[in-house]
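The exercises below are meant to be worked through with the sequence and the coordinates open side by side. Each one sets a task and then gives a solution in steps.

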Amino acid sequence: MTDKEYIKQLRVPTPENPLRILMSACLTGVLCGYDGTANGEYPSALKLLQYPTVSIVKFCPEDYSFGSPREMCDIHGGTGMDVLEGKAKVLTESGKDWTDGMIRASEKMLEIARKEAVEIAVLMDISAACGSQVIYDGNRFAENKIYQIGAGVCAAQLMRNGIKVISQRDYASLELLYAKVDANHEIDTTRTDHHEIAWYKSYFNITVQE
Ligand code: SF4
């Protein structure tokens, strides 16, 4: 089921029984980014905090395992799913191996998601932990940084356990989510998800079937 199909079939929440959404803590304004900031503001995600029909569960997996501030880390040799399968590593910019800590963080995130019975996750794209559509392939500070299609370790852990993950850049899916939690929201049909934008198609050499 696509992200959009999944969101459309979600139940209609009420203030008494709100939709339970797991969010990257930094997207909610928590200062848990690698540099002790919230990684900037993303109105598309912050909007979700305003609805009485939404209950937000915040978690920062990297803060859980490594504290804040901390080094930046990226996945080397594959995607987050590959890390979980023992085929790739998480290394910091100075070369420390954070693979085990990141896997522990992903397990904690899954534990929280299950305990809170979250119905969807909205996570920060590009992150080696929370990325859901695009992540770096190796060190993001390399002269020729490379992107790859794939999820970070914690998003991959949620996905492989059946939890739907979208990012703050999946604007079309978010439009459907806003409409799900707010009967008065008019869906902006011009919005697109991250995998539908021109940069994504061009960078990953994706040709569109007409
Ligand atoms: S690990 Fe996730 S929640 Fe924490 S700062 Fe990075 S993107 Fe945000």
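**Exercise 1.** By class, how many nonpolar, polar and charged residues does the shell around the ligand have?

*Solution.* The model is a predicted one, and the first step is to collect the shell, which consists of 14 residues around the ligand, with S24, C26, C60, M124 and C130 as the closest. Sorting the shell by class then gives eight nonpolar, four polar and two charged residues. As a last step, one can ask where the shell comes from along the chain: helix α3, residues 61–66, supplies the largest share, namely three residues.

**Exercise 2.** Determine how strand β5 is placed between its partner strands, and state whether its faces are buried or exposed.

*Solution.* Begin with the pairing to strand β1 (residues 19–24), which runs parallel to β5 and is joined to it by three bridges; within this pair, M23 stands opposite V122 of β5. Continue with strand β8 (residues 165–167), which also pairs with β5 in the parallel sense over three bridges, and here L123 is the residue that stands opposite S167 of β8. Finally, consider the two faces of β5, residues 120–123: I120 and V122 lie on one side, A121 and L123 lie on the other, and all of them are buried, which leaves both faces covered.

**Exercise 3.** Locate D182 and decide whether it is buried, partly exposed or exposed.

*Solution.* D182 belongs to the loop between α7 (171–181) and α8 (198–203). The count of other C-beta atoms within 10 Å of D182 is 16, and because a residue must reach 20 to be buried and have 12 or fewer to be exposed, this value falls in between; D182 is therefore partly exposed. Leaving aside residues up to four places away in sequence, D182 touches Y51 and T53. For a distance check, the C-alpha atoms of D182 and K164, which are 18 residues apart along the chain, are separated by 20 Å.

**Exercise 4.** Find backbone geometries that call for a second look, and place each of them in the chain.

*Solution.* The rule of thumb to apply is that most residues other than glycine have a negative phi and that most peptide bonds are trans. Against this background, the bond joining S68 and P69 is a cis peptide bond with omega of about -5 degrees, and P69 sits in the loop between α3 and β3 (73–76). A117, which is not a glycine, has a positive phi of about 55 degrees and is found in the loop between α5 (99–115) and β5; it is exposed, with 8 other C-beta atoms within 10 Å. N205, likewise a residue other than glycine, has a positive phi near 55 degrees; this residue lies in the segment after α8 and is exposed, with 6 other C-beta atoms within 10 Å.

**Exercise 5.** How compact is the protein chain for its 210 residues?

*Solution.* Take the secondary structure as a starting point: the protein chain has eight helices and eight strands. Its radius of gyration is 17 Å, close to the 17 Å that the globule rule gives for 210 residues, so the chain is as compact as a globular protein of that length. The C-alpha trace spans about 50 × 45 × 30 Å along its principal axes, and 44% of the 210 residues count as buried. Among contacts with a separation of 6 or more, 66% are made by residues 24 or more positions apart.

Methods. Residues are numbered from 1 along each chain as its sequence is written. This is a predicted model: local features need pLDDT of at least 70, side-chain atom pairs count only at pLDDT 80 or more; totals for chains, interfaces and linings use all residues. A residue is near a molecule or strand if its C-beta atom, placed from the backbone, lies within 6 Å of it. Helices (H or I, at least four residues) and strands (E, at least two) are DSSP runs, numbered from the N terminus. Ala, Val, Leu, Ile, Met, Phe, Trp, Tyr, Cys and Pro count as nonpolar, Asp, Glu, Lys and Arg as charged, and the others, Gly among them, as polar. Two residues are in contact if their C-beta atoms, placed from the backbone, lie within 7 Å. Two strands pair if DSSP finds at least two bridges between them. The radius of gyration is taken over C-alpha atoms; the globule rule is 2.2 Å times the number of residues to the power 0.38.
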